[in-house]
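User: Please take a close look at how one pair of helices packs in this model, then work outward to what surrounds that pair. I would like one connected answer.

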Amino acid sequence: MRINTFFFLLLSVVAFGQAPEAMPSTQELSAAQFVQWVDQNHPVLQSVRNRLPIAKAELLKARGAFDPTLVGNYSSKEYDGELYYELPAVQLALPTASPIDLQVDWNSSTGIYTNPQNKLPEEGLFAVGGMINLGNGLMTDERRTSLRLAKAAVDLTEAEAQLYRNKLLAKALSDYWKWYEAHAGLVAYESAVEAAREVYDFTMNAFNAGDVAAIDTLDARALLTTWQTDYFKARNKAISAMYGASNWLWSSDGQPVLLKPESRPTAVMQELLVSLELNPAHPLYVYNDNKEEQFRLKRQLAREYLKPKVAVGGAVLMPGNFSELPTSADYDPNNRVVKAKLDVPLFLRTGRGYSRSQNLQLQNFQLERSETENSWNNALSAAAEGIVQLEIALNASLKNQESLRLLLEAEKRKLELGDSELIKVNLRTSYYAKALIQTADITRELGVQKALWQELSATF
């Protein structure tokens with residue numbers, strides 16, 4: 001007696017409203033097809049793929065701190081028909097990825113009441129120069145550190161996205177293999193119900209012919225109803241597992257997809273070339289390398305705060321305007337501006353606290369990194385060795401399953417010939433059903449173990 005699950009799924013649709021889009025493909029769905037579908041269309045995985053463009057946008061933002069800046073200022077005052085002053089000014093700032101900042105200024109001053117120090121040639125005055133940091137800011141500063149952090153974040157984000165993608169695909173495959181186990185268990189109990197139905201029909205025919213006692217019909221009915229009870233429990237588990245697997249499936253236009261009632265998973269698995277060691281280019285190493293580099297950059301910046309702020313610089317002054325730019329003939333070393341800046345915190349508490357904090361954070365990360373990578377390598381080795389053991393167990397289970405199937409068929413023929421008893425047939429049926437369920441359980445474990453190894457080895 002083959003019992004269909006469509007009616008119960010139809011009831012679920014009626015109870016919970018309109019169903020999502022049904023799976024448009026063939027009835028069989030392999031693990032490889034399932035994970036490819038998830039990888040292409042799942043919205044969370046699509047958001048994961050957006051992380052790298054975001055990191056690149058942040059890098060572009062950090063590079064913007066080194067863009068040249070053009071600033072213009074203008075102020076004037078008129079009173080009682082007299083021009084007190086008119087002060088136009090233009091500045092071009094040229095930040096560099098070094099402790100030197102360059103700038104070019106042009107200023108002009110006209111009017112009858114200008115500040116004496118603002119008195120300039122009639123055509124205006126160019127000032128070409130800059131400042132160099134000799135203390136805090138010599139090795140690095142906030143701007144340069146932010147750029148280096150953003151560069152490291154690109155590779156870090158790409159590796160992090162790969163790790164998260166692998167984790168999600170492994171979880172999706174875990175639900176797939178749960179669905180497979182539940183579906184295979186349903187098939188096993190359905191086979192047991194069919195076998196019990198055959199025994200019941202044979203027993204009733206024998207009772208009607210006067211060949212068996214009435215108590216034998218009760219045994220046959222009890223056997224049938226026992227397996228039917230287990231079957232309906234297995235059906236409930238299979239429906240739940242099918243919906244669990246459907247949670248991972250989305251259409252290309254972003255709509256959730258529901259597996260069809262007739263859809264069924266397969267035991268086909270990808271062949272893996274299993275190894276016990278991580279590739280040096282593994283995203284875990286790439287992530288940790290760049291994360292540690294970020295901590296080192298922050299520590300380097302923190303050490304700058306232990307230094308006083310010392311900056312010297314100046315500018316060369318040359319008269320001129322934008323229509324008649326100054327030439328080398330206008331250069332006079334006596335026409336100059338000299339600048340110096342000194343800022344010395346007396347206790348350096350900010351620098352000492354910042355530096356100590358970054359040192360400890362780097363140390364903590366290095367300790368955690370050692371533990372994480374060691375655990376990861378051990379988990380990879382355990383998964384690889386587990387795959388080997390489960391493959392051996394699966395082969396043994398398949399052989400045992402076939403042997404018990406033959407024994408059940410032989411026992412049923414003996415019963416028909418009057419050379420067996422219902423209790424023996426019941427035991428054979430039970431053993432065979434348990435063998436089917438055991439094979440399904442081992443298959444699920446093997447599928448999950450292979451998915452775990454792919455996650456840990458980053459081979460999806």
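Analyst: The axes of H6 and H9 come within 10 Å and cross at roughly 10°. An angle under 35 degrees counts as roughly parallel, so H6 and H9 are roughly parallel to each other. This is a predicted model, and every value here is computed from it.

Take the contact residue by residue. H6 contributes Asp216, Asp219, Ala220, Leu223 and Trp227. H9 answers with Leu422, Asn426, Thr429, Ser430 and Ala433. By class, the contact of H6 with H9 holds five nonpolar, three polar and two charged residues.

Asp219 deserves a stop. This residue of helix H6 is partly exposed, at 41% relative accessibility. Its C-alpha lies 8.3 Å from that of Ile423, although Asp219 and Ile423 are 204 residues apart in sequence.

Trp227 is another H6 residue of the contact. Setting aside neighbours within four places in sequence, Trp227 is in contact with Asn426, Thr429, Ser430 and Ala433. Its other partners are Tyr189, Ala192, Val193 and Ala196.

Trp227 also leads into the core. In soluble globular proteins, nonpolar side chains tend to be buried together. Here the largest nonpolar core has 63 residues. Trp227 is among those with the most contacts inside it, along with Phe34, Val38, Trp177, Trp179, Leu249 and Leu259. Both H6 (214-246) and H9 (422-457) supply at least two residues of this core. So do helix H2 (31-41), helix H3 (43-49), H5, strand E7 (257-258), helix H7 (283-304) and H8. H5 gives the most, with 19 residues. Apart from this core lies another, of eight residues, among them Leu52, Leu59, Phe66 and Leu147.

That second core points to another helix pair. The axes of helix H4 (residues 51-63) and helix H5 (residues 142-208) come within 9 Å and cross at roughly 180°. Angles over 145 degrees count as roughly antiparallel, so H4 and H5 are roughly antiparallel to each other. On the H4 side, the contact uses Arg51, Leu52, Ala55, Lys56, Glu58, Leu59, Ala62 and Arg63. On the H5 side, the residues are Ser146, Leu147, Ala150, Lys151, Ala153, Val154, Thr157, Glu158, Glu160 and Tyr164. By class, the contact of H4 with H5 has nine nonpolar, two polar and seven charged residues. Leu52, Leu59 and Leu147 take part in this contact, and they are also among the members of the eight-residue core.

Back to H8. Ser397 is found in this helix, which covers residues 349-416. Ser397 is buried, with a relative accessible area of 2%. Its side chain makes two polar contacts to side chains. One reaches Gln438, at 3.4 Å. Another reaches Thr439, at 2.7 Å. Beyond four places in sequence, Ser397 touches Ala435, Gln438, Thr439 and Ile442.

Two backbone details sit at helix ends. Most residues other than glycine have a negative phi. Leu348 has a positive phi, near 55°. Leu348 lies in the loop between strand E10 (336-343) and H8, and is partly exposed, with a relative accessible area of 25%. Ala458 also has a positive phi, of about 55°, although it is not a glycine. Ala458 is placed in the segment after H9. Ala458 is partly exposed too, with a relative accessible area of 26%.

Strand E10 also holds Arg336. Arg336 counts as partly exposed, at 49% relative accessibility. Its side chain has a polar atom 3.0 Å from the backbone oxygen of Pro333. Leaving aside neighbours within four places in sequence, Arg336 is in contact with Ala315 and Leu317. Arg336 and Gly314 are 22 residues apart in sequence, with their C-alpha atoms 7.2 Å apart.

One loop residue to finish. Ser109 is found between strand E5 (100-107) and strand E6 (125-133). Ser109 is buried, with a relative accessible area of 9%. Its side chain reaches the backbone oxygen of Asn118 at 3.2 Å. Not counting residues up to four places away in sequence, Ser109 touches Glu86, Leu87, Thr114, Asn118 and Leu120.

Terms used
Residues are numbered from 1 along each chain as its sequence is written. This is a predicted model: local features need pLDDT of at least 70, side-chain atom pairs count only at pLDDT 80 or more; totals for chains, interfaces and linings use all residues. Side-chain values use heavy atoms; hydrogens and water are left out. Axes are lines fitted to C-alpha atoms, for helices over the stretch in contact, and angles run from 0 to 180 degrees between N-to-C directions. Helices (H or I, at least four residues) and strands (E, at least two) are DSSP runs, numbered from the N terminus. Angles under 35 degrees count as roughly parallel, over 145 as roughly antiparallel, 65 to 115 as roughly perpendicular and the rest as oblique. Contact means heavy atoms within 4.5 Å. Ala, Val, Leu, Ile, Met, Phe, Trp, Tyr, Cys and Pro count as nonpolar, Asp, Glu, Lys and Arg as charged, and the others, Gly among them, as polar. Buried means under 20% relative accessible area, exposed over 50%, partly exposed in between (1.4 Å probe, protein chains only). A polar contact is a pair of N or O atoms within 3.5 Å; within protein, one must be able to donate a hydrogen and the other to accept it, and residues adjacent in sequence count only if both atoms are side-chain atoms. A nonpolar core is a set of buried Ala, Val, Leu, Ile, Met, Phe, Trp, Tyr and Cys residues joined through side-chain atoms within 4.5 Å.
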